[in-house]
Amino acid sequence: MFVSLIQRIRKDIPYRIKLLLCCSFFVNLGYALFLFIVGKIASERWFLVSSVYYGVLAVVRIYLFRNLLSHRQLVSKIKIMRACGVALIVINLVVSKMMFFLIDETESVQHHEITVITMATYTFSALTLAIHNSVKYLKKNDHLHFSVKIISLICASVSLVTLTNTMLATFGAEKVLLRSIVLPLLSGAVAIFILLSAVMMIRKANLELRKLNDEKE
């Protein structure tokens with residue numbers, strides 16, 4: 001049974017995406033609750049804002065999961081992609097607030113080198129895979145799967161900012177000037193990328209809906 005499940009995950013792409021979405025939903029929801037509790041206990045704004053970020057991600061992922069389960073018409077798929085674009089604007093506001101707290105903090109927590117290297121390996125692997133999949137599904141013009149991959153790409157990009165902050169705190173604690181330059185630039189680039197992704201998805205959806213309406217007339 002386990003072997004057959006692994007084979008299905010490898011060969012059945014829609015099933016694999018649904019499974020990953022479902023797992024990601026529970027991980028995001030659980031982490032959001034954890035961060036909220038920690039933020040309340042410690043009275044830390046960063047944890048509270050981060051809990052909102054992961055909560056919104058959980059909502060977007062379960063929304064996509066529910067729609068992937070049903071056989072949607074093309075118009076519905078395009079509208080779902082547009083809704084995800086709107087959700088990305090909300091996510092961008094929350095992420096911008098998170099990054100502001102990271103940049104504004106006076107003391108950073110240092111981690112063990114092995115922990116940082118593990119985080120870096122995971123983050124860069126996730127980012128590379130997300131970029132590859134996003135480009136692949138953009139070419140296929142699969143609106144729902146493309147939305148899933150864009151969300152994954154944005155998550156990896158946000159993780160890159162957190163990783164950079166951790167690396168600077170661990171390996172460059174004394175280089176305050178470097179941190180004051182690198183972190184704001186990277187944070188700004190990620191925020192702009194999220195906003196551009198949202199605008200691109202909304203614009204693409206509106207153009208395709210308009211084209212379909214013109215064809216009906």
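User: Hello! Is Glu-208 buried or exposed?
Analyst: Welcome! This is a predicted model, and in it Glu-208 has a relative accessibility of 17%. The cut-off for burial is under 20%, so Glu-208 counts as buried.

User: Which residue forms a salt bridge with Glu-208?
Analyst: The structure holds one salt bridge, and Glu-208 is part of it. The closest N and O atoms of the pair are 3.0 Å apart. Both residues sit in helix H7, four residues apart, or about one turn of the helix. The partner of Glu-208 is Lys-204.

User: How does Lys-204 count by its relative accessible area: buried, partly exposed or exposed?
Analyst: Lys-204 has a relative accessible area of 22%. Buried would need a value under 20%, and exposed one over 50%. Since 22% falls in between, Lys-204 is partly exposed.

User: Could we step back to the whole chain? How many helices are there in the chain?
Analyst: Happily! There are zero strands in the chain. Read along the sequence, its pattern is α-α-α-α-α-α-α. The number of helices is therefore seven.

User: What percentage of the residues of the chain count as buried?
Analyst: The chain has 217 residues, and its accessible surface comes to about 13,000 Å². Carbon and sulfur atoms account for 66% of that surface. As for residues that count as buried, the share is 37%.

User: Among contacts between residues at least 6 apart in sequence, what percentage join residues at least 24 apart?
Analyst: An example from the model helps here: Val-190 touches Met-99, as well as Ser-157, Val-158 and Val-161. Turning to the chain, and counting contacts between residues at least 6 apart in sequence, the share that joins residues at least 24 apart is 78%.

User: Where is Val-190 found, and what is its relative accessible area?
Analyst: Val-190 is found in helix H7, which covers residues 176-216. Its C-alpha atom is separated by 8.1 Å from that of Ile-154, 36 residues apart along the chain. Val-190 is buried, and its relative accessible area is 6%.

User: How many of the residues of helix H6 are buried?
Analyst: Helix H6 covers residues 143-171, and from its first C-alpha to its last it reaches 41 Å, close to the 42 Å expected. It is largely enclosed by the rest of the structure, because the buried residues in H6 number 24 of the 29.

User: Which residue has a side chain joined to that of Arg-61 by a polar contact?
Analyst: Arg-61 lies in helix H3 (residues 45-69) and is buried, with a relative accessible area of 9%. Leaving out residues up to four places away in sequence, it touches several residues, including Leu-21, Ser-24, Phe-25 and Ile-151. The polar contact spans 2.5 Å, and the side chain at its other end belongs to Asn-28.

User: Which helix is the place of Asn-28?
Analyst: Asn-28 is buried, with a relative accessible area of 7%. Beyond its neighbours within four places in sequence, Asn-28 is in contact with Tyr-54, Leu-57, Ala-58 and Arg-61. Its own place, among residues 13-42, is helix H2.

User: What kind of aromatic pair do Phe-25 and Phe-26 form?
Analyst: The count of aromatic pairs comes to five. In the pair of Phe-25 and Phe-26, the centres are 5.1 Å apart and the angle between the planes is 65°. Planes over 60 degrees apart get their own label, so this pair is edge-to-face.

User: And which of those two rings belongs to an exposed residue?
Analyst: Phe-25 counts as buried at 15% relative accessibility. The residue that is exposed, with a relative accessible area of 53%, is Phe-26.

User: What kind of aromatic pair do Phe-100 and Phe-101 form?
Analyst: Here the centres are 5.9 Å apart, with 55° between the planes. Phe-100 counts as partly exposed at 45% relative accessibility, and Phe-101 as buried at 8%. An angle of 55° is neither under 30 nor over 60 degrees, so the pair is tilted.

User: Which residues do ring pairs link into a cluster?
Analyst: A pair of aromatic rings is described by the distance of the centres and the angle of the planes. Ring pairs can be followed from residue to residue here, and the linked cluster consists of Tyr-31, Phe-34, Tyr-53 and Tyr-54.

Technical notes: Residues numbered from 1 in each chain as written. Predicted model: local features only at pLDDT ≥ 70, side-chain atom pairs only at ≥ 80, totals over all residues. Heavy atoms only, no water. Helix = DSSP H or I, 4+ residues; strand = E, 2+ residues; numbered from the N terminus. Buried < 20%, exposed > 50% of the residue type's maximum accessible area, 1.4 Å probe, protein only. Contact = heavy atoms within 4.5 Å. Areas by Shrake-Rupley, 256 points an atom, 1.4 Å probe, with all protein chains shown as cover. Phe/Tyr/Trp six-rings, centres within 6.5 Å; stacked < 30°, edge-to-face > 60°. Expected span 1.5 Å × (residues − 1). Polar contact = N/O pair within 3.5 Å; in protein donor to acceptor, adjacent residues only side chain to side chain. Salt bridge = Lys/Arg side-chain N within 4 Å of Asp/Glu carboxyl O.
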